[in-house]
Amino acid sequence: MVDIHSHILPGLDDGAQTLEESVAMLRIAAESGTTDIVATPHANVEYTFDPEIVSSRIREVQEAVGSLIRIHAGCDFHMKFDLIEDLFQNPTRYTINGKGYLMVEFSDLIILPTTDVVFDRMNSAGIVPVVTHPERNPLLQQRLDQLERWTRNGVLLQITAQSLLGRFGPTAKRVSDQLLDRNLVHFVASDAHDTEDRTPRLDLACQYVSKHWGESRADRLFRRNPAAVLKGEPLPAPDEVEMTTRRKRKWYQFWA
Ligand SMILES: [Fe+2]
């Protein structure tokens, strides 16, 4: 599997704090079936993002884990005015592997009305925004129609593996299920921060998606789509098996 959202680099944000913790997180990821992971340190009011430091930490951690797993460069980009201006000057500083995809996180308190304009500008600049964990954002949780409109305009959505398993509470779980039912999810990623609570395991969430929405959907969200992101290629189309698969419910859930 390919994980496009994680905080595995030591001492850059609220994720791993030491090299030992980074290595332990990567071991968990590899042992649960992740072959590639994108390190996405925060760029926000609290944490300054420096792509050169990110590259040197990736080299250091990659050397420590050897061929266990491949680490890629990215950023957890917060929609903040000065960052947005810098993005358009230097897009490859923030995008995954310096290619076309950008992880975008919204504030829990406000989503500016100019967001659509920023998305349009990204589109014209060849940047594809991937909105991170809308199911955990108290504003976006209630705006599924807006999310659907965004996806029609080329915005992609990433949900968190542990949301599907209930770690972020019943609302985040329900919204994740609804987004999957409406086929609005493009990626499931870990957003891992540590080895105990918010770990980089994707396998359990992958089994959950496979059980309810079919193997082909799980393969697209955990493997094919994120693999395309690493290379900066367009996302593959869903295959025919997936197109004809509906959520598998127990008989008593049809009336729920
Ligand atoms: Fe994150």
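Is Arg201 buried or partly exposed? Arg201 is partly exposed, because its relative accessible area is 37%. The model discussed here is predicted, and this report describes its overall form, its iron site, its salt bridges and some single residues.

## Overall form

The protein contains 10 helices and 9 strands. Its C-alpha trace extends over about 55 × 40 × 30 Å along the principal axes. The radius of gyration is 17 Å, and a compact globule of 256 residues would have a value near 18 Å, so the two agree. Of the 256 residues, 52% count as buried.

Distance along the chain and distance in space can be set side by side for two pairs of residues. Met1 and Arg224 are 223 residues apart along the chain, and their C-alpha atoms are separated by 8.6 Å. Met1 belongs to the segment before S1, and it counts as buried because its relative accessible area is 9%. Val118 and Pro10 are 108 residues apart along the chain, with 31 Å between their C-alpha atoms. Val118 is part of helix H4; its relative accessibility is 11%, so it counts as buried.

## The iron site

Which residues coordinate the iron ion? They are His5 and His7, each through NE2, and Asp76 and Asp191, each through OD, at 2.1 to 2.4 Å. The spacing of these donor residues in sequence is H-x1-H-x68-D-x114-D. His5 and Asp191 link distant parts of the chain, being 186 residues apart. His5 sits in the loop between strand S1 (2-3) and helix H1 (19-31), whereas Asp191 sits in the loop between strand S9 (187-189) and helix H8 (203-213). Both His5 and Asp191 are buried.

Why is the arrangement of donor atoms around the iron ion irregular? The 4 donor atoms subtend angles of 81 to 170°. A tetrahedral site needs all angles between 85 and 135 degrees, so a range that goes outside these limits does not qualify.

## Asp191

Asp191 has further features besides its role as a donor to the iron ion. Its phi is positive, about 50°, although the residue is not a glycine. Its relative accessible area is 2%, and because buried means under 20%, Asp191 counts as buried.

Asp191 also forms a salt bridge with Arg198, in which the closest N and O atoms are 3.3 Å apart. Arg198 counts as buried too, because its relative accessibility is 16%.

## Other salt bridges

How many salt bridges are there? The count comes to 17. One of them joins Arg121 to Glu85, with 3.5 Å between the closest N and O atoms. Arg121 lies in helix H4 and Glu85 in helix H3 (residues 81-89), so this pair ties together parts that are 36 residues apart in sequence. Arg121 has a relative accessible area of 38% and is therefore partly exposed. Glu85 is partly exposed as well, because its relative accessible area is 30%.

Another salt bridge connects Asp203 and Arg201, the closest N and O atoms being 2.8 Å apart. Asp203 has a relative accessible area of 16% and is therefore buried, whereas Arg201 is partly exposed at 37%. Salt bridges also link Asp145, Glu148, Arg152 and Arg182 in a network.

## A surface patch and a loop residue

Which residues make the nonpolar surface patch? Leu109, Ile110 and Leu112 make it, and its area is about 350 Å². Ile110 is located in the loop between strand S6 (101-105) and helix H4 (115-124).

Asn183 is a residue other than glycine with a positive phi, near 55°. Its place is the loop between helix H7 (169-181) and S9. Asn183 is partly exposed, because its relative accessible area is 35%.

Note on methods:
Residues numbered from 1 in each chain as written. Predicted model: local features only at pLDDT ≥ 70, side-chain atom pairs only at ≥ 80, totals over all residues. Heavy atoms only, no water. Patch = residues over 30% accessible without salt bridge, like charges linked within 9 Å, V, L, I, M, F, W, Y side chains within 5 Å. Areas by Shrake-Rupley, 256 points an atom, 1.4 Å probe, with all protein chains shown as cover. Salt bridge = Lys/Arg side-chain N within 4 Å of Asp/Glu carboxyl O. Helix = DSSP H or I, 4+ residues; strand = E, 2+ residues; numbered from the N terminus. Donors = N, O, S within 2.8 Å, 3.2 Å for Na, K, Ca; no water. Tetrahedral: all angles 85-135°; square planar, octahedral: opposite > 155°, others 65-115°. Buried < 20%, exposed > 50% of the residue type's maximum accessible area, 1.4 Å probe, protein only. Rg over C-alpha atoms; globule rule 2.2 N^0.38 Å.
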